[in-house]
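Reader: Please take me closely through one part of this model, the stretch where the chain begins, and then follow its themes elsewhere. Keep it brisk, and give me the numbers.

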Amino acid sequence: MNLRRLELFVAVAEELHFNRAAERLHMAQPPLSQQIRKLEEECKVQLFVRNSRNVQLTADGELLLTHARKVLSQYAAMASALRQARNGEIGRLRLGFVSSAAISAIPPVVRYLRSEWPGIELDLREVTTDEQMDLIAAGNLDAGIAREVRAGPGISQTLLRNEPLVVAVALDHRLAARSSVSLGELAGEKFIAFPRSRISRLFDHIAALLHSADVEFDIAQEAVQFPTILGLVAAKLGVAVVPDSLKAFAIPGLSYLDIEDSSAISKVSLICSSEMSESPLVSKLRTACLDALI
């Protein structure tokens, strides 16, 4: 019993007229009648009562119609699911992200994916850039939103944005009345920073920027989480250079200053393995990132 014969049978059963069914199926009536006869022979039952005026379903025909509709519906659903999977419209996507991306990137990207392709199931993991690279290489992560990615073999990257860096200072700091500062004006300051062992890419980037401005990266206190860093700045233990997206943290006693140096940016990129770069799911993610983060 093939699906085509079931489709022909359902058309005749719904029309109860061979000519109308043939027109609906865009075929001639004799081949249609022939296929119905073959289906009856295959099922070893009579499906229709025919006379010169009417076509009626038998009890066996009614039973087959019920099941044929279910089979055809399930087949259509299966074919649709396969097409969606082939096009990256459904599936499970393991996406890593650096903690600051949870503020600036993840919300709009997830909203975009949910709106455009609700069949994509997201497995989100907050991990550092270095950890993302290791997980991608091991095949345990499909893609990641990372910072300061260096080119390397087997890794594909797409630049999403050049995010400005800003300086967080206490409200009574000597620079707090300013709206912007140059990196050189931070000379002599104590800094609050994350441990290089945990977030090496952004740490090295900020250290290099300060070094280029002849500013010593004199670290007074380390903290792993950005809110903790900002809280320590508000406690007057030092200043911090952080991504602009952290302005979302409106902490009492804290002020943010723009940095005048054009080089004071942090590159946010979408990364994946070279093999996954053309994956339909990753392509959908790339579209969401580029559209949502404009």
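Author: Helices are DSSP runs of H or I with at least four residues, strands are runs of E with at least two, and both are numbered from the N terminus. The model is predicted.

Start at the loop between α1 and α2 (18-25), where Leu-16 is found. The phi of Leu-16 is near 50 degrees, a positive value in a residue that is not glycine. How covered is Leu-16? Its relative accessible area is 30%, so Leu-16 counts as partly exposed. Partly exposed is the range between the 20% and 50% limits.

Lys-44 repeats the theme. Its phi is also positive, about 60 degrees, although Lys-44 is not a glycine. Lys-44 sits in the loop between α3 and β1. Its relative accessible area is 73%, so Lys-44 is exposed.

Now step back into α3. Glu-42 belongs to that helix. Glu-42 has 32% relative accessibility and is therefore partly exposed. Which residues does Glu-42 touch, once neighbours within four places in sequence are set aside? The contacts are Met-1 and Arg-5. Met-1 is 41 residues away from Glu-42 in sequence, yet their C-alpha atoms are 7.1 Å apart. The start of the chain and α3 thus meet here, because Glu-42 lies in α3 and is in contact with Met-1, with contact meaning heavy atoms within 4.5 Å.

Next, the rings. The structure holds six aromatic pairs. One of them joins Phe-9 and Phe-48, whose ring centres are 5.5 Å apart, with 50 degrees between the planes, a tilted pair. Phe-9 is part of helix α1 and Phe-48 of strand β1 (residues 48-50), so this pair ties together parts that are 39 residues apart in sequence. Are these two residues buried or exposed? Phe-9 is buried, at 0% relative accessibility. Phe-48 is buried too, with a value of 0%. Phe-191 and Phe-217 make another pair: their ring centres are 5.3 Å apart and their planes stand at 80 degrees, so the pair is edge-to-face. Phe-191 is in strand β8 (residues 191-193), while Phe-217 is in the loop between α8 (200-212) and β9 (219-222), so this pair links parts 26 residues apart in sequence. Both Phe-191 and Phe-217 are buried. Back in the opening stretch, Phe-9 and Phe-48 join Phe-18 in one aromatic cluster.

Helix α4 comes next. It covers residues 59-86, which is 28 residues. From first C-alpha to last, α4 reaches 41 Å, close to the 40 Å expected at 1.5 Å a residue. Which residues of α4 are buried? They are Gly-61, Leu-64, Leu-65, Ala-68 and Leu-72. An α-helix has 3.6 residues a turn, so residues three or four places apart point the same way. The buried residues of α4 pack against α1 (3-15), α3 (29-43) and β2 (55-57). That brings the helix of Phe-9, α1, and the helix of Glu-42, α3, into the packing around α4.

What lies on the surface? Tyr-75, Met-78 and Leu-82 form a nonpolar patch there, with about 310 Å² of accessible area together. Tyr-75 belongs to α4. Its relative accessible area is 40%, which means that Tyr-75 is partly exposed. Just after α4, Gly-88 takes a positive phi of about 75 degrees.

Two buried serines follow further along the chain. Ser-245 is in the loop between β10 (240-243) and β11 (254-259). Its relative accessible area is 10%, so Ser-245 is buried; the limit is 20%. Leaving out residues up to four places away in sequence, Ser-245 touches Ser-100, Ile-103, Ser-104, Arg-147 and Glu-163. Ser-273 lies in strand β12 (residues 265-273). Ser-273 also counts as buried, at 11% relative accessibility. With residues up to four places away again left out, Ser-273 touches Ile-136, Gly-154 and Ser-156.

Definitions and conventions:
Residues numbered from 1 in each chain as written. Predicted model: local features only at pLDDT ≥ 70, side-chain atom pairs only at ≥ 80, totals over all residues. Heavy atoms only, no water. Expected span 1.5 Å × (residues − 1). Buried < 20%, exposed > 50% of the residue type's maximum accessible area, 1.4 Å probe, protein only. Patch = residues over 30% accessible without salt bridge, like charges linked within 9 Å, V, L, I, M, F, W, Y side chains within 5 Å. Areas by Shrake-Rupley, 256 points an atom, 1.4 Å probe, with all protein chains shown as cover. Salt bridge = Lys/Arg side-chain N within 4 Å of Asp/Glu carboxyl O. Phe/Tyr/Trp six-rings, centres within 6.5 Å; stacked < 30°, edge-to-face > 60°.
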